[in-house]
Amino acid sequence: MNPLTQIPSTWANLHILWRFLIVLLLLGAGLLAALVPGKAAYHRWKSSRNFEEASKALAASRFTEARDLSLQILRQDSTSYEALPILLRSASALKDPKAGDVAIAILRDIRSTPEDKVVAWRYLCQSGPTYIPLKSWAHLTDQNKQSLDYQLPIIDRLLYDQMLPAATAIVISFPKPYPVELNSRLLTILARKNSPESLAEFHRRLASQLRDTPEAWPRLLETVDEISQADLARDVYDALPESAHSQPSSDPLVDLRITRCQMAAQPEKSEELLRAAIKRHEERHSIELARWLLQIGHPEEAANFLSLGKPSEFSDLYQLQLQYLEATGANDKLKSFLEAAPREVPNWKVQTRLAVLGRENGDHDLAKLAVKSALESATESADPAALIDLARDAQKRGLDDLSIDAWTRALIRGTGPLPPSESISHVIARLSAQGREDELYAVLSSLHAIESDNRVIHAQFLYISCLSGRAEAQYVVEQLSPLQEKYPELLALRSILAISHVLNGDFEKADELTNDPAIDWFSTNPAYRAIRGIVLAKNGKSEEASVYFEKLPWDDLLPSEKRVFETLAAPAAE
């Protein structure tokens, strides 16, 4: 008998409660079957609508709205690539430190358009740690490496970091003849090296390029801003095209650069040329003229165009006023100008100058207060580069302690255009010498997160982590043993690994790493000398070990080094 024919009678015999439950179950299953694709369709519609609204918000410069909408899209579907470019543009406009992660994701995503990848690359080069684009550069295609869209951003970043050899290497990797954009950057590199040899090469190349590419001479001539008037050679003016000689340029900056070159070529006419330039520009281009006069060493002439009666409300003019007051040593007036800075000028810049002023005038209270205010102001700034720029500016002005503290805070924060660790090794050395172990650990932790494959940072971070109880000795041994085998000549690695073996109870292995007659332990880092003494003591050579502890500068060690080493060295150190 067909089972289907039994359904009516079976249904009629069921209890009403069972029939109700079956109907309810069937209705629920049908509703669920309808809702699942309906929900997916709703999410697709919602994401599409959010994308349209985010695009409109970005076009209207409503960056917070664009960021939030693109994040909503990605929360609903993490594979929604189209939201990433909007998120990057809006987050970078808001100076959101997470924008760097978005840029990296775009570069790695095979669905990224060439245009979006260029935007991401520019962001990384301008706003992220230098280590990331430097590391990424090695993995770019040859086609991208030969593209100005990729070359120019990383060269400009290396120039910002004063990494001139690295910038030179990227420029010369481009096939010759170089385009004007690369030629101008190569000239900038030569000027910033500021040696007799580099300046001679600068003038040779600039004169050659002016003759070979006369159509690009205004752009090439910009590079003379990088050198002083005293260093400017006469052959630059001779290489300019005839059009530059015959009549003044309508662009005041170009005209003033030509005048600089003509003054270098015809020093006997310098005063006449100076007066003529002032007459041409004093009415319509007074700010450009004042900046030029300060640049070529004529502050007394610049004063006529700086409205020095009171601090200007306009940032550009105000900065020139400060430059004039500093150049002429008018410290009495400088203080009142600094205390009346316009709002557009970052407070840390004002406070740094006040600190220098206090130091020069012997006003230690002013200097101390200004240093503290500069550091706090840069820390609280919304600009991710504020602490980094403060560190550079303070170092240039001889405020070394302020520079170290600013670098320390910037490195701990771990965001913004941080230079690679090799460029700020002096910060790590200073923190170590001053025994500022907690800050040192935080700096190394941040750098380790950025430069995870940097063997020096990796070893230093694990060393501090191990001695301070944040990492097990066995873990450090596992991490550093392959590295030490690859670089057996590095004493730092051998010493760190040796103390890790000691803490792990493997004294013989520690002795193998440090038992080298070629090493003069008494001229090395005191910590390494102490480690060798500890290794000898743990291997039953206490008398020999005691020599290593005689007159050891224990107070020069980090707190965790001193605590751990004194415990391990006793009683050989007594």
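In this predicted model, R529 is located in helix α32, which comprises residues 526-538. With a relative accessibility of 10%, R529 counts as buried, because the cut-off for that class is under 20% relative accessible area. When residues up to four places away in sequence are set aside, R529 touches W521, F522 and T524 on one hand, and V547, Y548, F549, E550, K551, L552 and P553 on the other. One of these residues, E550, places its backbone oxygen 2.5 Å from a polar atom of the R529 side chain. The C-alpha atoms of R529 and A433 are 16 Å apart in space, the two residues being separated by 96 residues in sequence.

The largest nonpolar core has 107 residues, and those with the most contacts inside it are W292, Y463, L480 and F565. Y463, for its part, is in contact with I496, I499, A527, I531, E561 and F565, its neighbours within four places in sequence being left aside. Another core, of 36 residues, lies apart from the largest one and includes V102, Y150, M163 and V171. In soluble globular proteins, nonpolar side chains tend to be buried together.

L480, named above for its contacts in the largest core, also marks a bend of about 35° in helix α29, and a proline, P482, follows within four residues. Helix α29 consists of 14 residues (473-486), for which a rise of 1.5 Å a residue predicts a span of 20 Å, and the distance of 20 Å between its end C-alpha atoms agrees with this expectation. The buried residues of α29 are A473, V476, V477, L480, S481, L483 and Q484, and they pack against α28 (455-467), α30 (491-503) and α31 (507-514).

Helix α3 (residues 63-76) likewise has 14 residues, and the 20 Å between its end C-alpha atoms agrees with the 20 Å expected at 1.5 Å a residue. Its buried residues are A66, L69, S70, I73 and L74. These residues lie on the same side of α3, because they cover an arc of only 140° around the axis. An α-helix has 3.6 residues a turn, so residues three or four places apart point the same way.

A further buried position is Q209, which is found in helix α12 (residues 196-212). Q209 is classed as buried because its relative accessible area is 16%, and, residues up to four places away in sequence not being counted, Q209 touches N183 and L220.

Definitions and conventions:
Residues numbered from 1 in each chain as written. Predicted model: local features only at pLDDT ≥ 70, side-chain atom pairs only at ≥ 80, totals over all residues. Heavy atoms only, no water. Helix = DSSP H or I, 4+ residues; strand = E, 2+ residues; numbered from the N terminus. Expected span 1.5 Å × (residues − 1). Bend = angle between axes of the 7 residues up to and from the residue. Buried < 20%, exposed > 50% of the residue type's maximum accessible area, 1.4 Å probe, protein only. Contact = heavy atoms within 4.5 Å. Core = buried A, V, L, I, M, F, W, Y, C linked by side-chain atoms within 4.5 Å. Arc of directions from axis to C-beta. Polar contact = N/O pair within 3.5 Å; in protein donor to acceptor, adjacent residues only side chain to side chain.
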